[in-house]
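Student: I should be grateful for a close look at one part of this model, namely its nonpolar interior and the strands around it. Please treat the matter as one connected account.

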Amino acid sequence: MKSLLLAVTASLAIGGSALAQNLPPTYRWEVGLNGGYSIITRPAGPPEVYKGNTTNLVKDYSLRASYYFNWRWMMSLDVGNRRWESFGEWDLQDRFGKKLKTIPMNFLIASHAVTTTVSMNYVIPFYTQFTTFNRANLYFGALAGMVNTINDGSRAYSRYSSSTDSSTTYVSGYNYGPGMGYTLGLHTGFIYYIVPRFGVSAEAGIRYVNLRTNDQRWAEPNSHIQLAHFPATVGIRWRID
C-alpha cells in the first residue's frame, strides 16, 4: 500500500511538472506601432457651403500600449494622428456680380487630428498545438477618449483674370480653427504572434467625433463639428513580462 501511494504521488508530481511546462508564458504588457489609412464623413454642424462634397483616404498612425488583466480582458492606451480634409466647389463671381466659373475648394478640418483613447477589449486567445504559447488573439473592444485638432484657421487666396476684371481675388482654401473634443468608438482586431514575444496585427473600427473649434469668424459658423472616422491599420506588437 505504501509503495502504491508513493507511485501515485510521483506520477502526480511528474504530471504536474509536465503540465506546468506546457502552460503559456505570462505577458501582461504589450507595446506596438500601427499604420494604415482612414477616411471621415463630411462634417455635420457647419453650414453646407463649408462642408465640402467628398473626403479622401489619408494615412493614419498610432502608438499602442496594452495591459492584459487575464487571457480574456485587455485594456489599451492609443495615441494617434491623421489629417482631416474635405473637398467641394464654390461658384466664383467678379466684383460686378458676373459668374466666372466653378472653382475647386478644399476645407482643412485638421492638419493634425490627434486622438488619445482608452479601450477595453474582450479577447479570444488561440494557442499552439501543444499549448506552448499563445499563438494569436482575436479581440473586440469599445473606446473613449479626447481629440485635439491642430490648425491655423487661415484662408488661402488666389487671383482670377477676366475680361471685366483683371484682378478678381477669391478664397481658394479654407482652414478650420484649432479644436478639442471627444471620441467614442468600436473596433475589432487580430494579433498573430510569430514568436512568443513578437507579433503582427490588423485592426479596423468606427469612431464618432464631437469637436468644438476656436472659430474667430463672425457668428462662429464652424465652431461645432461632428463626424465619423473609419480607421483600418496593420501593426507590430512586442510583449513584455
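Tutor: A nonpolar core is here a set of buried Ala, Val, Leu, Ile, Met, Phe, Trp, Tyr and Cys residues joined through side-chain atoms within 4.5 Å. The model is predicted. Its largest nonpolar core comprises 21 residues, and Trp 84, Trp 90, Phe 107, Ile 109, Tyr 176 and Leu 227 have the most contacts inside it. At least two residues of this core come from each of strand 4 (73–93), strand 5 (99–127), strand 8 (168–175), strand 10 (198–213) and strand 11. Strand 5 contributes the most, with seven residues.

Leu 227 merits separate attention. Beyond its neighbours within four places in sequence, Leu 227 contacts Ile 40, Thr 41, Pro 43, Trp 84, Ile 109, Arg 207, Tyr 208 and Val 209. Apart from the core just described lies another of seven residues, including Met 74, Phe 133, Ile 191 and Tyr 193.

Ile 40 leads to strand 1 (residues 29–40), where the side chains alternate. On one face, Glu 30, Gly 32, Asn 34, Gly 36, Ser 38 and Ile 40 are buried; Trp 29, Val 31, Leu 33, Gly 35, Tyr 37 and Ile 39 point to the other face and are not buried. Strand 1 runs antiparallel to strand 11 (residues 224–240), to which twelve bridges join it, and Ile 39 stands opposite Phe 230 of strand 11. Strand 1 also pairs with strand 3 (residues 58–68), again in the antiparallel sense, over ten bridges; there Val 31 stands opposite Ala 65.

Conventions: Residues numbered from 1 in each chain as written. Predicted model: local features only at pLDDT ≥ 70, side-chain atom pairs only at ≥ 80, totals over all residues. Heavy atoms only, no water. Buried < 20%, exposed > 50% of the residue type's maximum accessible area, 1.4 Å probe, protein only. Helix = DSSP H or I, 4+ residues; strand = E, 2+ residues; numbered from the N terminus. Pairing = 2+ DSSP bridges. Contact = heavy atoms within 4.5 Å.
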